[in-house]
Amino acid sequence: MAASADPTLARASLARFLETCGAGVLEDPRARSLVVALFAASRPAADLLCRRPALVGRWLGEGLLRGPVELARDLGLALADSCAPLDALRRFHHEEVVRVLGADLVGGASLEAVTGVLSDVAEVITRAALELAWRAAGSTEDGAPGGGSPGGGLAVMALGKLGGRELNYSSDIDLLFVHADGIDPGGRELQERVARLCVAHLGRFTEEGRAYRVDTRLRPEGGAGALTRSIRSYADYYASYGSTWERQALIKARPLAGDARVGEGFLEAVRPFVFRRTLDATAVADIQSLRSRIEREAARRGLDDVKRGYGGIRDIEFTVQFLQLVVGGVHPEARSTGTLEALAALEAGGAFTRREAEVLREAYRFLRAVEHRLQNVQHAQVHTLPPGGPDLERLARQMGHADGKVFLAERARLAHEARAVLDRVLMGLPVESRGRPAPEAELALDPDPPPGQVERVLAPYGIDDPRRAWRVLSRMASDEAGGVVASGRIRTAFAGLAAPLLARVAETDDPHATLERLERVLSTLGARGVFYELMAENPDALRVLVRLATGGDLLTGVLERRPGLLDEVVDGLLTLGRPERGRLRRELEERLATGGDPVEVMADFHGVHLVLAGLRDLDGRANLRETMATLSEIADAIIEASTQRALDEVGLRRGRGPGRFAVFALGKLGGLELNYASDLDLIFVGESGEGPAAALGGYARVAQRVLRLLGGSTRLGALYRVDTRLRPEGNQGPLVVGDQALVAYFREGRAAPWERQAFTRARAVAGDGPFAEAVAARVEELIYGGGGRSGGGLPGGGLAAEVRAMRERLEQGVEGPDLKRGAGGIVDIEFTVQLLQLAHGADFPAIRRGSTFLALHHLAAAGLLAPGEYRDLLTAYQFLRQVEARLHLVHQRPQARLPLDDAELRRLARFAGYVDTADRSAQETFMEEYRWHVQRTRQVFEAVVTREGDG
């Protein structure tokens, strides 16, 4: 008793019960549990058992939950024994409802079991009421129903919760009466009378109360319409005047009583009205209007109303029914009358994600359970939570929560999660101010638009071939692989995205190519409808995605060749925040720890973060230096993970091997200035100790394994192209160089000037940290040693001469404008910086920077570059590296030559942010700026080399 939901109420009811029948009934512990649970939860239940205590023993003997056959048998017996059949109907209803409540409270019956049996009770009672109505209204001489056909040609259809077999303890029942076609006026009058008597038998008050409140206002024309119509009359009405809310209501229609053939005929006749192949413009406007009304009511009622309030039962039912209307025309499995059954079918078909379905199921079960507990107390239609006090605490305990505060927090959590699903599902249905969807949305909704509509809608967007564009849009709006259920939600979601998408695409230089790239990328998505909803909610994300498709063959290629990768990008697309270096490494470690082919795991990691880096770049949320640093940090994480895995596999992790090992990056990776398609310049260094050959043999296997991991074949090709030729003696030297041999190579003057240049950007990226730092410090002192202007190991102006000669060799054979090796290109800037670093690094340690950006800054600060020279080199380096990045994105490979074809050059210029003006085209402006930068760069290069040569 003390542990019950309401001990006070239970004690008072128990005292009355014992006065009636004594304590003998409660000797059975099952009886005690049942009685206490019922008394603590429901005053009407206590009243019933106090009047009829024998019910307890009978229920325990027969079972608390019974099927429709047993229910129909017992009701038939009760009616046969009674001279007041309406009272018998009511007694049967009250007893069976309390019996179900007992199963609910003490038997752990599921929501489906409880609502199913409550619906079965209503069904057998309605059948009995109809039979009584026939007998009273106009039966044949032998007492059989009249009307000229089996069952009298009259069917009773259940709608609402009864139609979905989801009845509450205190629900109204929504009924619709249908008679067969071709019945004469006298027969129609009889059936109208039978229908009215049936409603009265169910809803009239007698000494035993009433059985059910009956609502027949869902019929055509509501309360003003005829109570019963023929099948054809219903079909004609819905075809001419039917509205979307009536379609929603009829989703739950099922034959309940009367002539089964008429009931099935009705369903067949109205099915084309309810479940259409497409969602037309009128339906979209109606749904938006319904949603607006629901939202206003939810805002008014807040969280207190579990039915009509925010995130309540109506929200969930509306979400499910909307998708049923969208897909039911081509997917019969989605036509279930029950909410949970329909939700499962929609999830199986892809209309809901697994998480969305889980959220709606959990919220729906919780809310229906709360609704039941509220209604049990007085057997009344109650949907509002108690304001507080004992009533709220009792409800919280009944729901299994410690107190009212915890219960309310759970209600709020589930409401917000369920409402978020509704918002996502309905987000993609834009309505213009006049109440109709935008023409772009109408076009997207219609898989077979009428002649001329495609041209009328798409022509304003500057699309020269509207039919071709429409075919691409149609593919984007469907998903054959995902099934027709998923396609329904995808089409409606895409409808809301169509207008802003076309507006963005129209701004691009080649709308057709942009649309086709987008379609290829989006075809890889596992949850395309959800993604469209995300795009509709985040216009910035849509803008970035279209920008990517405008010219980014590298990034779109990654997404095309690795299906499902965009699903991982979606979350990052919302924030586009630059990842922290340590987080990248932790994420990769976690991915590798889950198992699978390590090359494929690293390829997924690389692909996701490469695309995100590109999106941040294209969206202007990361500048050039930040983008290059991120690309370098992605490579660092992969190299480090590959090295640790290789060391483990060879058995040479620190403490187990003969020495120590490190991986150094040179080139752009060494300077943390990697571009989208840059090679990785790596050298491997091992501790040689006293026996270099023996020590380095194991590390050679490690290095080979690292190279296989980095260059291994994946669905996207190799992760990276790796170049190890910058090691001492290039390809002729050992793959792993000993630390002593490396130091000797520079100390003994065997390193060529270009090798010293390369090592200005040396940076340890993996392996034994202290060992790598020691090696780097010794090499740095040697390449910058010598002091004064004779730094770099060459006397006087010898270094400048070597740099000039090497630059001339690299420039030979270059044809056309070349960002890297052409006159005034990137090499000019890098050679200028490296010459000054090697010549003056001994005197100015601050200029020893692997990053060209940082080195330029410190060279200017040290007075080694004049302000104008610094400004020219810095702006040129930014321009050239930015254009190089755009070329990489366009061509999916290292590319430095500017296109000679005018159309390709225009595409690059537009992709780099140049626009047409009244005076010149985008490509003319671009090429003018390019020529200015390379001219100024070559002038600075020549000036610095001459100055250093004259020393």
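Modeller: A definition first: buried means under 20% relative accessible area, exposed over 50%, and partly exposed lies in between. The model is predicted.

Colleague: Is Arg625 buried, exposed or partly exposed?

Modeller: Arg625 lies in helix H30, residues 624–650. Its relative accessible area is 40%. Buried needs under 20% and exposed needs over 50%. Arg625 therefore counts as partly exposed.

Colleague: Which residues does Arg625 contact, leaving aside its neighbours within four places in sequence?

Modeller: One partner lies 228 residues from Arg625 along the chain, with the C-alpha atoms 8.2 Å apart. That residue is Phe853. Leaving aside neighbours within four places, Arg625 is in contact with Phe853 and Leu854.

Colleague: Let me step back to the whole chain. What percentage of its residues count as buried?

Modeller: The secondary structure comes to 41 helices and ten strands. The chain has 951 residues. The share of them that counts as buried is 56%.

Colleague: Among contacts between residues at least 6 apart in sequence, what percentage join residues at least 24 apart?

Modeller: Arg625 and Phe853 gave one pair well past that separation, at 228 residues apart. For the chain, among contacts between residues at least 6 apart, the share joining residues at least 24 apart is 72%.

Colleague: Which helix gives the most to the largest nonpolar core?

Modeller: That core has 96 residues. Leu458, Met476, Leu501, Tyr532, Ile638 and Ile639 have the most contacts inside it. Twelve of the core's residues come from the helix that gives the most, residues 598–618, and that is H29.

Colleague: Which residues does Ile638 touch, not counting those up to four places away in sequence?

Modeller: Ile638 is among the residues with the most contacts inside the largest core. With those up to four places away not counted, Ile638 touches Leu588, Met602, Phe605, His606, Leu710, Leu719 and Tyr720.

Colleague: How many residues are in the other core?

Modeller: This core lies apart from the largest one. Its members include Ala45, Ile125, Leu154 and Val194. Its number of residues is 66.

Colleague: How do helices H37 and H39 lie: oblique, or roughly perpendicular?

Modeller: H37 spans residues 826–840 and H39 spans residues 867–891. Their axes are 9 Å apart, at an angle of about 135 degrees. Roughly perpendicular runs from 65 to 115 degrees, and roughly antiparallel needs over 145. H37 and H39 are therefore oblique.

Colleague: Is their crossing left-handed or right-handed?

Modeller: In H37, Ile826, Ile829, Glu830 and Thr832 meet residues of H39. Those in H39 are Leu873, Ala876, Tyr877, Leu880, Arg881 and Glu884. The residues of this contact divide into six nonpolar, one polar and three charged. The crossing of H37 and H39 is left-handed.

Colleague: Is Gly825 buried or exposed?

Modeller: Gly825 lies in the loop between helix H36 and H37. Leaving aside neighbours within four places, Gly825 is in contact with Arg807, Leu819, Lys820, Leu880 and Thr937. Thr937 is 112 residues away in sequence and 7.2 Å away in space, C-alpha to C-alpha. At 0% relative accessibility, Gly825 counts as buried.

Colleague: How far apart in space are Val359 and Val421?

Modeller: Val359 is in helix H16, residues 354–378. At 6% relative accessibility, Val359 counts as buried. Not counting residues up to four places away, Val359 touches Glu417, Ala418 and Val421. Val359 and Val421 are 62 residues apart in sequence, and their C-alpha separation is 8.1 Å.

Colleague: Is Arg727 buried or exposed?

Modeller: Arg727 is in the loop between strand S8 and strand S9. Not counting residues up to four places away, Arg727 touches Ile683, Gly733, Pro734, Leu735 and Glu755. Its C-alpha is 8.0 Å from that of Leu682, 45 residues away along the chain. At 7% relative accessibility, Arg727 counts as buried.

Colleague: What is phi of Arg165?

Modeller: Arg165 sits in the loop between helix H8 and strand S2. With a relative accessible area of 34%, Arg165 is partly exposed. Its phi is positive, in a residue other than glycine, and is near 55 degrees.

Colleague: And is Glu221 buried or exposed?

Modeller: Glu221 lies in the loop between strand S3 and strand S4. Its phi is near 65 degrees, a positive value in a residue other than glycine. Its relative accessibility is 51%, so Glu221 counts as exposed.

Conventions. Residues are numbered from 1 along each chain as its sequence is written. This is a predicted model: local features need pLDDT of at least 70, side-chain atom pairs count only at pLDDT 80 or more; totals for chains, interfaces and linings use all residues. Side-chain values use heavy atoms; hydrogens and water are left out. Axes are lines fitted to C-alpha atoms, for helices over the stretch in contact, and angles run from 0 to 180 degrees between N-to-C directions. Helices (H or I, at least four residues) and strands (E, at least two) are DSSP runs, numbered from the N terminus. Angles under 35 degrees count as roughly parallel, over 145 as roughly antiparallel, 65 to 115 as roughly perpendicular and the rest as oblique. A crossing is left-handed if the near helix is turned anticlockwise from the far one by less than a right angle, and right-handed if clockwise. Contact means heavy atoms within 4.5 Å. Ala, Val, Leu, Ile, Met, Phe, Trp, Tyr, Cys and Pro count as nonpolar, Asp, Glu, Lys and Arg as charged, and the others, Gly among them, as polar. A nonpolar core is a set of buried Ala, Val, Leu, Ile, Met, Phe, Trp, Tyr and Cys residues joined through side-chain atoms within 4.5 Å. Buried means under 20% relative accessible area, exposed over 50%, partly exposed in between (1.4 Å probe, protein chains only).
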